Structure formats: structure tokens, C-alpha cells
Amino acid sequence: MKALISTSYTSEDTKQAATTFAKKFNYPCQNNTEVNTSLNLNYTDEYVELRDNDKNIAIHIDFLSGNLAHRQQYGGGRGQSIAKAIGLKQGVAPPFVVDATAGLAKDAYVLACLGCPVILLERSPVIAELIEDAIERARDDEHFQNILKTGFSVIAESSIDYLTQLKNSANDNCPDVIYPDVIYLDPMYPERKKSASVKKNMQILQKLLRHDEDTQELLNIALKTAKKRVVVKRPKGAKNLTNIKPTYLVESKKTRYDVYITSK
Ligand SMILES: C[S@@+](CC[C@H](N)C(=O)[O-])C[C@H]1O[C@@H](n2cnc3c(N)ncnc32)[C@H](O)[C@@H]1O
């Protein structure tokens, strides 16, 4: 049976980066013309992309052009449902957010554009590499530099492990422990629509990651470590993530945010 994923490079200039990543995670690595896996993390001269070779589609992250830049320029600012859900308020410093399910970093970037310091946690090293590459490519942009100054960094780790360590350090009275104000969750759920109508991004993510099975555990630890609230993004009409009832809901056309207030 062929492996699901490999890494590849399109030139001698990108070979080293592809090889280093492949060695770290024990993936096959070859020139892009010789790939025979369903998916490959492809290091091109412009960006790192994730290719689905069965469907001949590819995704990469771009903070400076396309949908993300458009959303940042015209996206509705503080009036957006996501801003209400995280509790952004006029005259109050934007909350420090841990996005515990970073994915393709779209929501994290919207939160960063709203002025929030954001730590992105992503357990798939492949997806974390796409984010890291997008951050590196955006580093020279003036607007993005402000975002980096406020705080926008990715950690390739399970958020359950990260938040558990944070909690243990707080219990040990470590002086440097800072709990996030808000923990944001948008886990992968089994797709209800037929795959042809599912967006390209989601098709590739689903093939690489399937769906997240440990969201109950993640919500539990998030509720213990968020200083102010936990926000769970759900498709409108979907069931709650667990049987713990949210404090209230913020709804938009297609999306529902379940808000769990944790501050006493
Ligand atoms: C639906 S995607 C998130 C999409 C994201 N909100 C965006 O705007 O692009 C869910 C992501 O969360 C990640 N994830 C799920 N559970 C996680 C966990 N416990 N720790 C870290 N990452 C997790 C998955 O690997 C996947 O990439």
C-alpha cells in the first residue's frame, strides 16, 4: 500500500528544507516529478503547499493576498460575530487568545487583525509547517510586522498537552505562567455534505487528518485554563461539542459560536 504523504521539492534551492522536514518526521522525500503518494508537502520556490495528487488540487496559506487579506481589509472589524464571541470591547485591550485548533490559520488571522495577541496551536506538523511558511513569507510586510509585534506565533503541539502543561506549571506556582484570556476551538467534525460540495481546503484537511476524536478532553482542559472564556465554532444547526451547555450563543449566517464564560 502506498504511503499517504511524502515531502517533495521543485528545485535544488528547496531540496534542503524538504529533506530536513522529511527526516524529522520520517516521510519519504523526492523531487516533485517523482511523487507517488496521495498527498505531498511540496516545497516550491514561492511557498510550501500541500498537494492532493488524486484530485490534482493544492493549498497554501497566504496572509497578504487573496481571501485572508480581503477579510482583513473589508471584513467588518469589531462588528463581526467572531469579535463578539471572543468578547472584544471598545476601550478595553483585546484579549490574549490561544487558538487551540489552528488549522489553516484563517480564524487566528482574523483575531490578530482585530488586535489580539494570538498563539496558534496545531498538532499536525504538516499543517503547522504551512502556517510557519506563510508567517516567514509575510515577515517583511508592514501591516504584518505590527501583527507579529502584538504576538502571532505557531507551536506544533497538541493543545491538550500544551494546556495541561500550562495548568501543571500554574499548580507548581511557576512565576511566568500566563493563562490565555480566551481559548478558541474549531475542531474537525465529520462532514455532512457530499464531498463534491466541500471546499478544496476542507477536502485536503479531511484526507490528511480525518476528524478530531478528543474534543471533549480538549474542551475540559480549555475550560480549566481560559481566564475569561472558551469559544467553540460550530456550523449553524450542529450539535454542541459535548453535553456541557454553553453560557450563550453568538450566531451568524452559517456559523454558531458557543461561548463558555469561565471568569468568576
Ligand atoms: C477545522 S480545522 C481549524 C480551522 C481553523 N479554525 C481555520 O480558520 O483555518 C481543525 C484543526 O485543529 C487541529 N486540532 C484538532 N485538535 C487539536 C489538538 N488537540 N491540538 C492541536 N491541534 C488540534 C487539527 O489538526 C486541524 O488542523
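**Close-up 1. Tyr189 and its surroundings in the predicted model.** In this predicted model, Tyr189 sits in the loop that links β9 with α8 (200–209). Is Tyr189 buried, exposed or partly exposed? Tyr189 has 14 other C-beta atoms within 10 Å, so it is partly exposed. Once its neighbours within four places in sequence are set aside, Tyr189 is in contact with His211 and Ala238. Thr215 is also worth picking out here: 26 residues separate Tyr189 and Thr215 along the chain, and their C-alpha atoms are 9.6 Å apart.

**Close-up 2. Asn243, out in a loop.** Asn243 belongs to the loop between β10 and β11. With 7 other C-beta atoms within 10 Å, Asn243 is exposed; the cut-off for that label is 12 or fewer. Put Gln216 in the same frame: Asn243 and Gln216 are 27 residues apart in sequence, while the C-alpha to C-alpha distance is 9.0 Å.

**Close-up 3. Strand β10 and its partners.** Start with β10 itself, residues 229–235. Six of its seven residues are buried, so β10 is largely enclosed by the rest of the structure. β10 pairs with strand β9 (residues 182–185) in the parallel sense, over four bridges. Within that pairing, Tyr184 stands opposite Val231 of β10. β10 also pairs with strand β12 (residues 255–261), this time in the antiparallel sense and over seven bridges. What is the bridge partner of Arg229 in β12? Look for Ile261, which takes that place.

**Close-up 4. The β11–β12 hairpin.** Strand β11 (residues 248–251) runs antiparallel to β12, and four bridges join them. Tyr248 faces Val259 of β12 across this pairing, standing opposite it. How many residues lie between the two strands of the hairpin? β11 and β12 are separated by three residues.

**Close-up 5. The shell around the ligand.** Zoom in on the ligand and you find 21 residues surrounding it. The closest are Thr101, Gly103, Lys106, Arg123 and Asp186. Which helices each supply at least two residues of this shell? They are α4 (106–113) and α7 (159–171). Sorted by residue class, the shell holds ten nonpolar, five polar and six charged residues.

**Close-up 6. Where domain 1 touches domain 2.** The domain assignment splits the protein into domain 1 (5–59) and domain 2 (66–261). Taken over C-alpha atoms, the centres of domain 1 and domain 2 are 27 Å apart. Twelve residues from domain 1 and twelve residues from domain 2 take part in the contact. On the domain 1 side, the elements giving two or more residues are α1 (12–25), β3 (39–43), β4 (48–52) and β5 (57–59). Which of them gives the largest share? That would be β4, with three residues. The side of domain 1 that touches domain 2 is made up of ten nonpolar residues, one polar residue and one charged residue.

**Close-up 7. Inside the largest nonpolar core.** The largest nonpolar core has 62 residues. Ile86 and Ala222 are the ones with the most contacts inside it. This core takes in both domains, drawing at least three residues from each of domain 1 (5–59) and domain 2 (66–261). Centre the view on Ala222 and leave out its neighbours within four places in sequence: Ala222 is then in contact with Ala100, Leu163, Ile183, Leu185 and Val230.

**Close-up 8. Two asparagines with positive phi.** Most residues other than glycine have a negative phi. Asn26 goes the other way, with a positive phi near 60°. Asn26 is found in the loop between α1 and β2 (29–31). Asn26 counts as exposed because it has 6 C-beta neighbours inside 10 Å. Asn56 has a positive phi too, near 55°. Where is Asn56 found? Look in the loop between β4 and β5. Is Asn56 buried or exposed? Asn56 has 7 C-beta neighbours inside 10 Å, so it counts as exposed.

Note on methods. Residues are numbered from 1 along each chain as its sequence is written. This is a predicted model: local features need pLDDT of at least 70, side-chain atom pairs count only at pLDDT 80 or more; totals for chains, interfaces and linings use all residues. A residue is near a molecule or strand if its C-beta atom, placed from the backbone, lies within 6 Å of it. Ala, Val, Leu, Ile, Met, Phe, Trp, Tyr, Cys and Pro count as nonpolar, Asp, Glu, Lys and Arg as charged, and the others, Gly among them, as polar. Two strands pair if DSSP finds at least two bridges between them. Domain bounds come from an automatic or database domain assignment. Two residues are in contact if their C-beta atoms, placed from the backbone, lie within 7 Å. A nonpolar core is a set of buried Ala, Val, Leu, Ile, Met, Phe, Trp, Tyr and Cys residues joined through C-beta atoms within 7 Å. A residue is buried if 20 or more other C-beta atoms lie within 10 Å of its own, exposed if 12 or fewer, and partly exposed in between; C-beta atoms are placed from the backbone.
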